[in-house]
Amino acid sequence: MRFIRSHRTLFPLVVLGIILVAATAVLAGTAWYASGGTLGINPPRGVAHHAPASFNRALTFHSNSMDVDVGVTVYTPPGYNPNDTNTRYPVIYFLHGGQGDDWNYLSTFNRNAPSGSSLYDPNGNPNLLAFIESGLVPPAIVVMPNGGSRSGFLDNPPVLSETMIITELIPFIDANYNTVPLGGWRAIEGNSMGGFGALNFAFEHSSLFCGVLAYGPGVGIPGEDTQFEDVEYVQRLRANENEIKENGLQIRSVIADFGEPNPIRPYQEQLSALLTELEIAHERIILTEPEVGHNLVTKYRATLPNGDNAGRDSA
């Protein structure tokens with residue numbers, strides 16, 4: 001059986017900022033916060049399929065926990081042959097931002113392009129899939145589920161995003177695609193609300209993922225003075241410290257200044273300090289140029305080697 005480079009080999013590229021790009025519906029200059037259980041969505045609509053019907057990698061699977069069909073966009077790399085079960089691939093899970101869905105990864109790069117025909121934004125900036133297509137990044141399967149537009153990727157009934165992804169979607173992907181069904185071959189990333197979800201999933205289920213990357217992860221409820229120790233991913237980090245260390249989880253966060261006061265940066269500084277205190281290896285990058293904003297495409301460009309000349313404060 002042939003494995004396409006373990007994600008424990010692939011993930012250092014993430015740390016260099018080379019392969020992780022994700023597009024979200026979050027506008028520049030805004031931040032996502034958990035909705036505190038007030039979802040304001042109808043479950044079937046909230047997790048419905050938003051990828052165009054012409055996109056041949058779109059699919060729908062049934063969530064038994066919610067008893068609804070969930071939209072998922074799945075990218076398979078060049079050379080992928082569903083009948084060649086002897087060749088197995090690593091998997092990257094991308095969690096969308098607030099008000100987002102399963103199509104954001106591609107649609108924000110070029111909303112006007114024919115489905116699946118453009119992996120670049122109108123200015124020629126590539127996304128992760130473009131790097132895979134060009135061979136600059138080892139082949140990988142990329143999975144983009146619709147977790148509910150304001151779910152926080154938590155189990156906030158009636159939407160059970162965490163249960164759906166962890167206990168239903170991951171086994172579904174492993175059963176229906178040529179993956180290596182091991183945590184060392186699986187990574188998770190997200191922006192804003194999706195960054196919040198990615199940290200929560202990785203800290204709670206560190207055996208399922210080799211690494212996590214969070215772009216501007218949300219922290220709490222709008223308008224409330226959320227204390228650092230009350231943030232969900234902080235509580236999960238403290239509760240699962242030993243497992244995270246034992247599993248060798250790789251952790252990276254990218255924060256961009258987008259005006260003052262910046263509601264996200266203080267939490268990430270405290271998270272970095274806590275990880276250091278707990279002696280858990282991690283990387284934090286703060287992009288200090290305000291024009292980078294809370295837009296993932298610009299954050300991505302700024303973190304590429306030789307990318308935009310955005311200031312960086314690395315820790």
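1. Start at Ser-192, which sits in the loop between E9 and H6. The labels are DSSP runs: helices (H or I) have at least four residues, strands (E) at least two, and numbering goes from the N terminus. Ser-192 is not a glycine, yet its phi is positive, about 60°. Ser-192 counts as buried because its relative accessible area is 0%. Buried here means under 20% relative accessible area, exposed means over 50%, and partly exposed lies in between (1.4 Å probe, protein chains only).

2. A word on the basis. This is a predicted model, in which local features need pLDDT of at least 70 and side-chain atom pairs count only at pLDDT 80 or more, while totals for chains, interfaces and linings use all residues. Residues are numbered from 1 along each chain as its sequence is written, and side-chain values use heavy atoms, with hydrogens and water left out.

3. Before Ser-192 comes strand E9. How many of the residues of E9 are buried? Six of six are, so to speak, under cover by the definition of buried. Both faces take part. On one side are Arg-186, Ile-188 and Gly-190; on the other are Ala-187, Glu-189 and Asn-191.

4. E9 has strand neighbours. Strands pair if DSSP finds at least two bridges between them. Strand E5 (residues 91-95) runs parallel to E9 and is joined to it by five bridges. Strand E10 (residues 211-215) also pairs with E9 in the parallel sense, over five bridges. Ala-187 appears in both pairings: it is the bridge partner of Ile-92, and its own partner in E10 is Gly-211. From E9 the chain crosses through H6 to E10, and this β-α-β crossover is right-handed. Right-handed means that, with the strands pointing away from the viewer, the path from the first strand over the helix to the second runs clockwise.

5. Helix H6 is the link in that crossover. H6 has 12 residues, and 17 Å separate its first C-alpha from its last, close to the 16 Å expected at 1.5 Å a residue. The expected span is 1.5 Å times one less than the number of residues. H6 is mostly covered, with 11 of its 12 residues buried. Among them are Met-193, Gly-194, Phe-196, Phe-201 and Phe-203.

6. Compare the span of helix H9 (residues 265-277). Its 13 residues should span 18 Å at 1.5 Å a residue, and its end C-alpha atoms are 18 Å apart, which agrees. The buried residues of H9 include Tyr-267, Leu-271, Leu-274 and Leu-275. An α-helix has 3.6 residues a turn, so residues three or four places apart point the same way. After H9 comes Glu-279, with a positive phi near 60°.

7. Now the aromatic rings. Rings of Phe, Tyr and Trp (its six-membered ring) pair if their centres lie within 6.5 Å; planes under 30 degrees apart count as stacked, over 60 as edge-to-face and the rest as tilted. The count by this rule is five aromatic pairs. One of them joins Tyr-80 and Tyr-177, a tilted pair at 6.4 Å centre to centre with 40° between the planes. That pair links distant parts of the chain, 97 residues apart: Tyr-80 is in the loop between E3 and E4, Tyr-177 in the loop between H5 and E9. Tyr-80 counts as buried because its relative accessibility is 15%. Tyr-177 is buried too, at 16%.

8. Another pair reaches H6. Phe-153 and Phe-201 meet edge-to-face, 6.5 Å centre to centre and 90° between the planes. This pair also links distant parts of the chain, with Phe-153 in the loop between E6 and E7, Phe-201 in H6, and their positions 48 residues apart. Is Phe-153 buried or exposed? Phe-153 is buried, since its relative accessible area is 0%. Its phi is positive, near 55°, in a residue other than glycine.

9. Last, the stretch around E7. Asn-156 lies in strand E7 (residues 155-156). Asn-156 is buried because its relative accessible area is 18%. A polar atom of the Asn-156 side chain lies 3.5 Å from the backbone oxygen of Ser-151. Pro-157 and Pro-158 are joined by a cis peptide bond, with omega about 15°. Pro-158 is in the loop between E7 and strand E8 (159-160).

Notes. Polar contact = N/O pair within 3.5 Å; in protein donor to acceptor, adjacent residues only side chain to side chain.
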